[in-house]
Amino acid sequence: MFVDTLITNIGQLLTMNKQGPVKGVEMNDLTILENAAIGIKDGKIEWIKKADEISAVKTDKLIDAKGKLVTPGLVEPHTHLVFGGSREQEMALKQQGVPYLEILKQGGGILSTVNATKQASFEELLEKALFHLDRMAMHGITTVEAKSGYGLDKETELKQLRVAKEAGSKHPLDLVSTFLGAHAVPPEFKDNPKAFLDQMSGLFDEIKKDDLAEFVDIFTETGVFSVEQSRGYLQKAKEKGFGLKIHADEIDPLGGTELAVEMGAVSGDHLAVTSDEGIKQLAASDTIGVILPGTSFYLGKDVYARAREMIDAGAAIAISTDFNPGSSVTENLQLIMAIAALKLKLSPAEIWHAVTINSAYAIGRGHEAGSLAAGRKADIVIWDAPNYLYLPYHYGVNHANTVIKDGVTLYE
Ligand code: NIG
Ligand code: FE
C-alpha cells in the first residue's frame, strides 16, 4: 500500500466529519480520535486509520506529528482581503470615542480605504493580498473568503474582484469570492443610495460571466443601506444565481438577521445586536450565523453577539476574523478563537466546529473543506498543542506547527 505522505503519531485528531452544518447542542459534540494516522495521495485524503493498522504502508514523505493535535485546515469565512492603504490614524479617533459610523459619515473609515484602493494599481493590490494570504496560511488557514467593497464604482469593484481571482489562482490557499459593492454609499450618491445600488446590481451579469464572485453581500446598517433597500438588491442577486450574505445587525439592530433568514442567505454575518426574534428565526433556518467577535473587541465595544444563546436556541454558528483595515486588523483566526471563548462563552468543541466545518458550509465549501475524511482535500494542520482545549486557552500567538494544503506542506 503506497501513499504520497503519511502522518503518524497523532495525539488527538479532530476529523470534524459530520453532515454539516452542525447546529445547536451538536456543536458541543466532538469526536476525538487517538493514535490515528492519515494517508494522503494526489492532494486528497486516502484514508484515516489506527496507527497499528499501517505497518504495510509505504510512503515518499513521513511526517511524525509527535503526539500533537491535528485538525482540518481552518476555514476563514469572512474577510475583506483586497484593499489599498491602511488606517492606523483612526486609532486615535477611536480612543477619543468617535463612533465607527461617525468616522464613516465624515468620509473616513471605509471611504478612506475606498480612496486608497482606487489609487492602487492591480499589481500593488495583488502583492498586498498575497502577503495577507501568506500570513493566514502561516496561521493555519487553508480556505479564505474574500469580499470586494472598497471600490464603490464599477471599475474599482471589478479591479478588486479580478485581483481576488488572480490571488486565488496564484496562491496555494483556496479563495472564495464575494461581491460587496454595496459596502457603503459613496459621497456622490449620498442622497440617492437606491441609484447607487442600481449601479452595483448592473455589474451582476459581468461578474457572473467572468466568474468573479459566488456570493453577493450588503452592509445593512444605519446610514448605509436599509432593510428594504437590501431586500430589493439581494432579490436581484438571487435571481442572477448568486448565493447571499449580509453584514447584518453589526451596530444597530435593523433586522438584517431576519432578512438573511427570509432571503435564504447562506450566512448572516456579525449579528452583534440581533433581536430575540432574529435569534429564534436564525435557529429555525438553514442560514449560518457568522460571528466576528474580533470586531466588537477591536472597536472597543462591550456588546458581543449572543452566540451562546444562538447555539442554545439551535443555530449553526461559524467564527471569523472579519480581516479588514478598519474594524478588525488581524489575519490570526486563532486569536479570534480565544476571544470567542472569553467573550462569547463558547466551549472549545463549539469553537472548533465554528472555524472548520461550519465556516466551510458558510462559504459553500462544506463538501470539500473543513473536515477530514477519505476523498476530501488534504488540508491539514499539526498544532503545537497537546489537545483541542489548548488553542483558545493560549492566546495571541501562532500555534500552527505544520500547514498542509492539498497534500503539500506549506509551512513546517
Ligand atoms: O465587516 N462593517 C462593514 N464592513 C467591515 C469593516 C470595513 C472597514 O471598516 O473597512 C466589517 O466590519
Ligand atoms: Fe466584514
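Here are some notes on this predicted model, going from the sheet to the annotated sites and the ligand.

1. Start with the annotated domain. The UniProt record, an unreviewed entry, places "domain: Amidohydrolase-related" at residues 69–403. Over that stretch the chain is 42% helix and 16% strand, and the C-alpha atoms at its two ends sit 12 Å apart.

2. Next, the sheet. Eight strands make up an open sheet with parallel pairing, in the order β6-β7-β8-β9-β10-β11-β12-β13. The edges are β6 (74–76) and β13 (317–319); each has a single partner strand, so one side of each has no neighbour in the sheet. From one strand to the next, the twist averages 25°.

3. If you want one pairing to look at, take β7 (residues 141–147) with β8 (residues 174–182). These two run parallel and are joined over five bridges. For a landmark, find Lys 147, which stands opposite Thr 178 in β8.

4. Now for the annotated site. Which residues does the "binding site" annotation cover? According to UniProt (again an unreviewed entry), they are Tyr 150, Asn 324 and Gly 326. They are spread over 177 residues of sequence but cluster in space, with a largest C-alpha distance of 11.6 Å.

5. Tyr 150 is worth a closer look. You'll find Tyr 150 in the loop between β7 and α5 (154–170). Is Tyr 150 buried or exposed? The cut-off for buried is 20 or more other C-beta atoms within 10 Å, and Tyr 150 has 31 such neighbours, so Tyr 150 counts as buried. Setting aside neighbours within four places in sequence, Tyr 150 is in contact with Phe 83, Thr 113, Val 114, Thr 117 and Gln 160.

6. Asn 324 also belongs to a loop, this one between β13 and α13 (333–343). That loop follows from one of the edge strands, β13. With 24 other C-beta atoms within 10 Å, Asn 324 is buried as well.

7. Finally, the ligand. There are 13 residues around ligand 1, and those that come nearest are Ile 110, Asp 322, Asn 324, Gly 326 and Ser 327. Asn 324 and Gly 326 are therefore worth checking by eye, because they appear both in the UniProt "binding site" annotation and among the residues nearest ligand 1. By type, the shell around ligand 1 divides into three nonpolar, eight polar and two charged residues.

Note on methods: Residues numbered from 1 in each chain as written. Chains lettered and ligands numbered in written order. Predicted model: local features only at pLDDT ≥ 70, side-chain atom pairs only at ≥ 80, totals over all residues. Pairing = 2+ DSSP bridges. Helix = DSSP H or I, 4+ residues; strand = E, 2+ residues; numbered from the N terminus. Axes fitted to C-alpha atoms, helices over the stretch in contact; angles between N-to-C directions. UniProt positions renumbered as here; feature names shortened; annotations may be inferred. Buried ≥ 20, exposed ≤ 12 C-beta atoms within 10 Å, placed from the backbone. Contact = placed C-beta atoms within 7 Å. Near = placed C-beta within 6 Å. Nonpolar A, V, L, I, M, F, W, Y, C, P; charged D, E, K, R; others polar.
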